[in-house]
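Student: Please take one part of this model and look at it closely, then set it beside the other parts that can be described.

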Amino acid sequence: METIPYFPGCTCKADALPFEVSAKAVMRELDIEMREWERWTCCGTVYSMTTDDLIHQLGPARNLIRVQEEGSDRVVTICSMCYSTLKLSAMMFDADEEKLQKLNDFLYDEVDYEGGIRVMHILELLRDDVGFEAVKERVVRPLEGLRVAPYYGCTLVRPTEAGIDDREEPRVMHDLLEALGAEVVDSPFKVECCGSYETVDRPEMVAEKCHRILSDAIKRGADLVVTSCPLCEFNLDDRQDVISSIAPRFPGIPVLYFTSLMAIAFDLPEEEWGLESATVDPLPVLQEKVLAPKDEGGG
Amino acid sequence: MADDKVLQAIDEPPVMESEICVTDELVEVYIMGKPYTVPASLTIMKAMEYVGYKLVRGVGCREGFCGACGTVFRRRGDYKLYSGLACQTLVEDGMYLTQIPSFPAEKAVYDIRELEPTANTILSYYPELARCVSCNSCTKVCPQEIDVMDYVNEALRGDIERAAHTSFDCIMCGLCTVRCHAEMPQYLIGILARRLYAAHIAARAQDLESRVQQILDGEFDKELADIKKLSEEELKDLYKKRDIEPT
């Protein structure tokens, strides 16, 4: 089994723990062990765009040094936000020797960061290392008839230089879902921002944006929406009560991490599906479309 | 010995020389910018008293446990900031000294029994926790050599048990808070984590609970009443004959 250093991020240890459970489980099935190292710190949460704001690069840089200490030249994340922050920081230090020097001067309590760490999102690992053919081969319960709208949000695909796919027409989750046997529902809102951290102060604004994203998916016949970002998941899922208060006829739609559908398609034990973070219950639709025995009663 | 002109106005005599183990070797230190010559055998705290300061805050047990005398200092020709407990750190030639008797921090008030041991609980009292940028200044300054940045991050991701263990040796001196770029009171976050751990995560001591119940049920009332009636001699005798746990 191949091992790759894994950076969980704070949210994937708290509210989004089910995401980690399902992600680790499905990767194990594909012969990759995501190994968390001992002393990781917050990724930095949001990449600082200010060029002279090096203090906010200390968090990501410290984690990149930890990866170096693990003896690896790459690291995998599951959270889109952690991915983006670590990736952009790694790219900045690779491109700017002066900043790297300044960083190492400040971090005298650490070994020097040498650069050259490749930050990967789990979807990249699945696409480029494992391959969707191998994913397809592992499927024992194809998600036939399940209509799934993939939602990418911002940080997986933007900014372009750090994106894992085309920033307007990404395919990676589409292709993965097809490998799982699901019917993919494409929506032009798949890369629309969910409102991000505005959810703290302005939940109504976030609800408005999520309403637009989810309504379009529903209109196009989606049974559920999948995402790869704990913050997007929170906004799209938990904020549906705010959506209902501003749009009473909004019917609601379950929002899951893509790894949950993988775990179900791989027929892993239920405790590894990671459905616990879903506020809008996905079980009724999953029961109807996927989990119910297909050969019985259908004639 | 002390420079009379710089003595603070004091009502009590300074620490007597006889109380201090004075050696022949003298060193020069700077206390709040002013040079003094003091015996090299003194701690920072005793050196300040030796030259005439009366310490009423920023001083406590004098044994390295209470955390009242956390202090920072520099050495001549060295840009680095050092820290220690003033009661435990010996003076060196060329030290720049001060005392930090107190540093402002707002302490949250809570009923620990009503809280859930999660990251969100800690964030609700100390939202600035999320402002950590991993600069590690807190760890560098900690006189207890605690990995402060690590327990801050453990608390942030809701690993309360680990945060409690990592912060266990904290003596609440507050130097981490003085240095924090994110302006958080790490030591108060640490004690909240330890309280959450103790109240909600650590295994309950069943022996203790059953003994408390026995007391509440009055099982020892008669015994206690009997003891209260004994004379001093009878009590001493009973004490000598008590059950002692085998060593």
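Tutor: A residue is called buried if 20 or more other C-beta atoms lie within 10 Å of its own, and partly exposed if the count falls between that and the exposed limit of 12 or fewer. The model is predicted, and the part chosen here is helix α3 of chain A, residues 80–95. By that cut-off α3(A) is mostly covered, with 13 of its 16 residues buried. Its length can be checked as well: at 1.5 Å a residue, the 16 residues should span 22 Å, and because the end C-alpha atoms are 22 Å apart, the expected and computed values agree.

Elsewhere in chain A, A:Glu178 lies in helix α7, residues 172–179, and A:Glu178 counts as partly exposed because it has 17 C-beta neighbours inside 10 Å. The C-alpha atom of A:Glu178 is separated by 9.6 Å from that of A:Val148, although the two residues are 30 residues apart along the chain.

Turning to the contact between the chains, 12 residues come from chain A and 16 residues from chain B. On the side of chain B that touches chain A, helix α4 of chain B, residues 148–156, supplies the largest share, 4 residues, and by class that side holds 6 nonpolar, 6 polar and 4 charged residues. Chain B itself is divided into domain 1 (4–97), domain 2 (112–201) and domain 3 (206–240), and the centres of domain 2 and domain 3 of chain B, taken over C-alpha atoms, are 41 Å apart.

Definitions and conventions:
Residues numbered from 1 in each chain as written. Chains lettered and ligands numbered in written order. Predicted model: local features only at pLDDT ≥ 70, side-chain atom pairs only at ≥ 80, totals over all residues. Helix = DSSP H or I, 4+ residues; strand = E, 2+ residues; numbered from the N terminus. Contact = placed C-beta atoms within 7 Å. Nonpolar A, V, L, I, M, F, W, Y, C, P; charged D, E, K, R; others polar. Expected span 1.5 Å × (residues − 1). Domains from an automatic or database assignment.
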